[in-house]
Amino acid sequence: TGDDASTEPNEAAEQAVENYLGGIDDGDVETANEFAHPDGDQTISEGDIEEPGVTIHELRTASLREVIRQRTFSEGETLESELADAEQTHQDFLAEIGASDYAYVWISITSAQYGDEEGYLLVVSSDGEWQVWGNSI
């Protein structure tokens with residue numbers, strides 16, 4: 001609901017992403033995984049970080065509306081329908097994994113290993129602890 005630009009920052013979710021990327025930046029698998037949900041697709045194994053180093057260019061909370069618009073290029077009634085479906089899907093997902101809240105965080109980074117990357121990360125909260133889940137559900 002509302003304009004994408006009016007999305008309130010979720011500082012806890014943003015901090016989880018920043019801490020996760022900080023672990024990768026340092027080549028510290030254990031620290032990165034502290035901020036990655038164990039059932040998500042962003043956990044890291046020993047040896048995954050061949051070249052440590054991450055520069056964050058942009059990191060901000062993104063609305064579900066922004067994420068859906070970016071994925072579907074929908075507008076108007078189609079966007080509203082897609083958004084309603086996505087909101088229900090996310091509520092069902094939260095119930096399924098036992099989480100209480102979610103946020104999307106837009107990142108634009110340069111990593112030593114993969115170069116320039118940008119996209120949305122889904123971050124979930126369980127018992128007040130925010131962890132990176134993955135790109136989407």
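**Pockets and secondary-structure packing in the predicted model**

A volume of about 240 Å³ is enclosed by the second largest pocket. Its lining comprises 13 residues, of which Ala62, Ser63, Leu64, Arg65 and Tyr102 are the closest to the pocket centre. Two or more lining residues come from each of β1 (54-62), α3 (64-72), α4 (76-97) and β2. Among these elements, β2 makes the greatest contribution to the second largest pocket, with 4 residues. Sorted by class, the lining of this pocket consists of 6 nonpolar, 4 polar and 3 charged residues. These and all following values were computed from a predicted model.

The largest pocket has a volume of about 470 Å³. It is lined by 23 residues, and those closest to its centre are Tyr20, Ile24, Gln42, Tyr114 and Glu117. At least two lining residues are supplied by each of α1 (11-26), β2 (101-111) and β3 (115-126). The most is given by β3, which provides 5 residues to the lining of the largest pocket. The composition of this lining by class is 12 nonpolar, 7 polar and 4 charged residues. Strand β2 therefore takes part in both linings, being among the elements that supply at least two residues to the largest pocket and giving the most to the second largest, with 4 residues.Helix α3 is one of the elements that line the second largest pocket. Within α3, the residues Leu64, Arg65, Glu66, Val67 and Ile68 are buried. The packing partners of the buried residues of α3 are β1, α4, β2 and β3. Leu64 and Arg65, buried in α3, are also among the residues closest to the centre of the second largest pocket. After α3 comes Phe73, which has a positive phi near 60°.

Ser111 is located in strand β2. This residue is classed as buried because its relative accessibility is 9%, below the 20% cut-off for burial. A polar contact links the side chain of Ser111 to the backbone nitrogen of Tyr114, at 2.9 Å. When neighbours within four places in sequence are set aside, Ser111 is in contact with Gly53, Val54 and Glu117. Two of these partners recur at the largest pocket, where Tyr114 and Glu117 are among the residues closest to the centre.

Strands β3 and β4 run antiparallel and are joined by 5 bridges. Ser126 is placed opposite Glu129 of β4. The hairpin formed by β3 and β4 has 2 residues between the strands, and Asp127 in this hairpin adopts a positive phi near 55°. Strand β4 (residues 129-134) is mostly covered, with 5 of its 6 residues buried.

Ala12 belongs to helix α1, one of the elements that supply at least two residues to the lining of the largest pocket. Ala12 is classed as partly exposed because its relative accessibility is 38%, which falls between the 20% and 50% cut-offs. Although Ala12 and Gly128 are separated by 116 residues in sequence, the distance between their C-alpha atoms is 9.0 Å.

Methods: Residues numbered from 1 in each chain as written. Predicted model: local features only at pLDDT ≥ 70, side-chain atom pairs only at ≥ 80, totals over all residues. Heavy atoms only, no water. 1 Å grid on protein atoms, 1.4 Å probe; cavity = no way out; pocket = protein on both sides within 12 Å on 5 of 7 lines; lining within 4 Å. Points joined across faces, edges and corners; volume = space filled by probe spheres on them. Nonpolar A, V, L, I, M, F, W, Y, C, P; charged D, E, K, R; others polar. Buried < 20%, exposed > 50% of the residue type's maximum accessible area, 1.4 Å probe, protein only. Polar contact = N/O pair within 3.5 Å; in protein donor to acceptor, adjacent residues only side chain to side chain. Contact = heavy atoms within 4.5 Å. Pairing = 2+ DSSP bridges.
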